[in-house]
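Good morning, colleagues. Please take a moment to look at the sequence and the structure on the screen before I begin.

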Amino acid sequence: MTVDSPGPGTSPRSPTGAHMSSAREGGGADGSRIVNSLCGMCATHCPIQVEVREGRAVWLQGNPNDRTMGTSLCARGAAGLTLEDDDERPRQPMIRVGARGAGQWRPVGWDEALDYVAGKLAEAIGRHGSRTVALSDRGGHFADLTRRFLRALGSPNYFDHDSSCASNAHHAARSLFGLGRAGLSYDIKETRHIVLYGRNLVESLMVKEVKDFIGALGKGARCTYIDPRVSLTACKATRYWQIRPATDYALNLAIIHEVLADGLYDRKFVARWVSGMDYLAEAVRGCTPEWQEAHTGIPAAELRAFVREIAEDAPNVIFHGGWMTARHRQSFYVSRTAYILNVLMGAIEVPGGVVLAKGPADLGRKGLNRLTAGMPEVREERVDGAGRRLPHIDPAAGLLHRLFAAMECGAPYPITAYVAYRHDPLTGAPDPEAVKRALDRLDLLVAIDVNYSETAWYSDVILPETTYLERGGIIATLPGPKPAFAIRDQALAPRFDTRPAWWIFREVLRRLGLGGRFDFDGIEDIWRHQLEGTGVTLDDLRAKGVVPLAERPVLFDREDGLRFPTPSGTIEMRSAVLDKAGLPSLAPFAAPAELDEGEFRLLFGRTAVHTHGQTMNNPLLHDMRPDNPVWMHPDRAAALGIADGDAVEISRGGTAVVTTVEVTPLIHPEAVFLFHGYGRTVPAQTRACGRGVADQRLQTGMLHTFDPAGGGSAMTETIVRVRRIEVPE
Amino acid sequence: MSTFVLVHESEDCIGCQACEVHCKTNKGLGAGPAPCKIVAVGPVAAAPAPRVRFVFLPCFHCADAACLNACPTGAVRRRDADGIVFIEASVCIGCKSCIVACPWGAAQWDPETRKAVKCDLCKDRLDAGLQPACVTKCVTGCLSLSKAAALPDDRRRRHAAALAAGIGG
Ligand code: SF4
Ligand code: SF4
Ligand code: SF4
């Protein structure tokens, strides 16, 4: 039988995607089953369905129970099947026998590995107290588990990876609204104009977000994209500004200047919710379109035209506060002024604007029971000072580079044991050699990972985690205008001698005599604890994978229904918390350093087929993008006698890497550009090892350079030199 | 000629190459062969924003199929009912005649099986009442399977709607 009349496409432009065929319809008869779960190929954790036949995953697709998701899946999500089949990942626990990083390992059983880790932890804690143990992960939906582990241990030193990612945006949102970055969501689907500061929706790809984006453009939405590099998002935009690197703050100050000068802001909303408008006016004094043009290269007239246009589209507009904002030492202020522009446009809690994320409590429902609930709080000061010495830094996230600083110098107190869980600071943080100098001071370095990350290869013990298809995970709350619970269920039996994280943490605690602080028999036991009293049953959740807690997106009343947990309860143009920290709420713009003839700013970014350094060795994804030539502007290339395809050396101080050059006007003349994640050094990853170059390795001396207000690393302040070299055949 | 066409709305495509991976994983292919491929033309600088065009290249299932004509063993076949051109792997001897003959580069070499492989419009899925892998899982939903005979009418309707909405032209 063949299909007579295929259904309509699932295009966001023809929202008749209901026909989407799920494997469920076709499967079943041959003994296959469908498991609802969450993708684990990037930190977005999209809802997926796994079709399992004879114990093997044969098909992955998006979970159409989530209507926006549909059956869509990105390239990395699809390559989950090849991750599963790949043997080039840790297959049993391993204890290091040679020097750190030398790659000499003794494969051991779980008992021996866990005894070793627990023994070393006990020693460290006995000598320095519990606070000497630190753990980092990639934050996100499952951090409740790692937080519980640390709390059970009695250490305050949990870190997410945000100081090399969203820290500046997160703290900017907190300083203005009292809500973190995740407390705000963007209604991209309904927007009339979205402004993106290098937020590369198309290549730093999240399935639902990019579907909404393309859908909105199809309905005539405008997009202004600002980036020194032409990303694929720039190619979807209705306006692109190739801004001079590290000058985006000047641009925003000038936009605000124009909005205030022309009285284009939402007076009613501002009068109701905002404090510190005089402070704002003072901060942008003199920041005219002409003034910014000298810094950014964006013509004053174009800026004026943009401001008129955005005011027309208000309030259904979005100034995206950013995500990966660990760029330069004023990136915090770029995010903060972007958020401020949303406020001025009245684009808060309106369709097509910035919508406050709702939790179960906002809907009068009980949320998941936290794993940390009932566990005594740790009163000890964090080693990075977040929340106390640094009152403006969120102690729930911390500043990872300050952890490395403390590790290296033993102050304010010694950190001697460190667990990197699904997190690879030797790839994510600037200057891996500097990170290694800190790690070298440790008595114990443990990596819990599915992959041979750079950090795993440098560690003392690798505890291999089962893949996301082989493990159940704690239930996640997905906050947003329409919050939901979502579950990662186990689809497959583990291929190798690996274990899920919750089991690993429990077994370590048991060996330390702290088993009573994590007394769950299994993942189902954890799920039942989480769900108790929420009105959602485990059966519901497993049957659908995602259970929304509201019928439709919830918008609060803009007159009386909003709550901003800042000290004043208002949206604070001048932040009381930043005042307390002795930091300006809006600093004067600081122009970036001038470059000499041979110098470039090193920029980096993402492709849609790789997740940071995590997927470089995936057989299919590696094949699609095995390396990363460096992008250089034709004018600069000509001046340096460099032609497209030449071999070049990129250097900074004593560090140099060799790659080929792609000469292209798509990059600003002052910068060179590399896709991130390449230049792996782990020999066990035979495909990726040695292919392409690592931008972070060129960020020498940058580990401790960060935006003081937001804590994010200033990675794009890295200045490099490039020269042509002859490569022997 | 196959009665089906794979329609790609380039305007909605983001060049994410997910379709390539969906196709490959569905066929159990490793590194190398890509029965469908996204080819980017651009980006090119333009005002007010640069532009890129993504071209989706599966197999067109030609009426006069060069691959089929070139195959010495009869491994390349056509289904009578719907004209789908496919390779019967058990008969393929890996001579690569089809790969050389195809003007579109659709036929691919699979180093693992040492045979040729190409887009078969996911005929097994069609027979099971499902959509092709690439269509089912395309990130933005810009791929669809249509009947060649129906396509012009679909396009006319869409064009008319766009004109009426004032955003066409
Ligand atoms: S964006 Fe892609 S890799 Fe990330 S969770 Fe979704 S499907 Fe998986
Ligand atoms: S999956 Fe869809 S959006 Fe992505 S490249 Fe393929 S056709 Fe384009
Ligand atoms: S129809 Fe099937 S075989 Fe053809 S390109 Fe799409 S996924 Fe591949």
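Leaving aside its neighbours within four places in sequence, which residues is T191(A) in contact with? They are A216(A), A221(A), N316(A), V317(A), I318(A) and G352(A). I should say at the outset that this is a predicted model.

Let me stay with T191(A) for a moment. The residue sits in the loop between strand 8 (184-186) and strand 9 (193-197) of chain A. T191(A) has a relative accessible area of 5% and is therefore counted as buried, the limit being under 20%. One of its contacts can be described more closely: a polar atom of the T191(A) side chain lies 3.2 Å from the backbone oxygen of N316(A).

I turn now to charged pairs. As general background, side chains of opposite charge can pair when their charged atoms come close. Over all chains, a search of the whole structure finds 64 salt bridges. I shall present three of them.

The first pair is R244(A) with E594(A), whose side chains meet in a salt bridge at 4.0 Å, N to O. This pair links distant parts of the chain, 350 residues apart. R244(A) is in the loop between strand 11 and helix 8 (248-261) of chain A, while E594(A) is in the loop between helix 21 (576-580) and strand 22 (599-605) of chain A. Are the two partners buried or exposed? R244(A) is buried, with a relative accessible area of 13%, whereas E594(A) is exposed, at 66%.

The next pair is R558(A) with D266(A), where the closest N and O atoms of the salt bridge are 3.7 Å apart. R558(A) belongs to the loop between strand 20 (546-548) and strand 21 (571-572) of chain A, and D266(A) to the loop between helix 8 and helix 9 (267-273) of chain A, so this salt bridge ties together parts that are 292 residues apart in sequence. R558(A) counts as partly exposed, at 25% relative accessibility, and D266(A) also counts as partly exposed, at 22%.

The remaining pair lies within one helix. E507(A) and R510(A) form a salt bridge of 3.5 Å, N to O. Both residues are in helix 18 (residues 501-511) of chain A, three residues apart, which is about one turn of the helix. E507(A) is buried, with a relative accessible area of 10%, and R510(A) is partly exposed, with 40%. What do salt bridges that share partners join into one network? The members are D111(A), D115(A), R506(A), E507(A), R510(A) and R511(A).

Let us move to chain B. Chain B contains six helices and eight strands, and along the sequence these follow the pattern β-α-β-β-α-β-β-α-β-β-α-α-β-α. Taken along the principal axes, the C-alpha atoms of chain B fill a box of roughly 55 × 35 × 25 Å. Of its 169 residues, 49% count as buried. Among contacts in chain B between residues at least 6 apart in sequence, 54% join residues at least 24 apart.

How do the two chains meet? The size of an interface is often given as the accessible area lost when the parts come together. Here chain A and chain B bury about 3,900 Å² between them, with 63% of it on carbon and sulfur atoms. The contact draws on 50 residues from chain A and 47 residues from chain B. How many salt bridges does the rule find across this interface? The count is zero. Polar contacts, however, join twelve residue pairs between chain A and chain B, both residues being at pLDDT 80 or more.

On the side of chain A that touches chain B, several elements each supply at least two residues, among them helix 1 (23-26), strand 3 (56-62) and helix 7 (207-218) of chain A. The largest share, five residues, comes from helix 22 of chain A. By class, this side of chain A divides into 29 nonpolar, 14 polar and seven charged residues.

Finally, the ligands. Ligand 1 is surrounded by 13 residues, the closest being C39(A), C42(A), H45(A), C46(A) and C74(A). The shell around ligand 1 has nine nonpolar, three polar and one charged. Around ligand 2 there are 14 residues, and the closest are C13(B), C16(B), Q17(B), C19(B) and C138(B). The shell around ligand 2 comprises ten nonpolar, four polar and no charged residues.

Thank you for your attention.

Definitions and conventions:
Residues are numbered from 1 along each chain as its sequence is written. Chains are lettered from A and ligands numbered from 1 in the order in which they are written. This is a predicted model: local features need pLDDT of at least 70, side-chain atom pairs count only at pLDDT 80 or more; totals for chains, interfaces and linings use all residues. Side-chain values use heavy atoms; hydrogens and water are left out. A residue is near a molecule or strand if one of its heavy atoms lies within 4 Å of it. Ala, Val, Leu, Ile, Met, Phe, Trp, Tyr, Cys and Pro count as nonpolar, Asp, Glu, Lys and Arg as charged, and the others, Gly among them, as polar. Contact means heavy atoms within 4.5 Å. Buried area is the accessible area (1.4 Å probe) that two parts lose on being put together, summed over both. A polar contact is a pair of N or O atoms within 3.5 Å; within protein, one must be able to donate a hydrogen and the other to accept it, and residues adjacent in sequence count only if both atoms are side-chain atoms. Helices (H or I, at least four residues) and strands (E, at least two) are DSSP runs, numbered from the N terminus. Buried means under 20% relative accessible area, exposed over 50%, partly exposed in between (1.4 Å probe, protein chains only).
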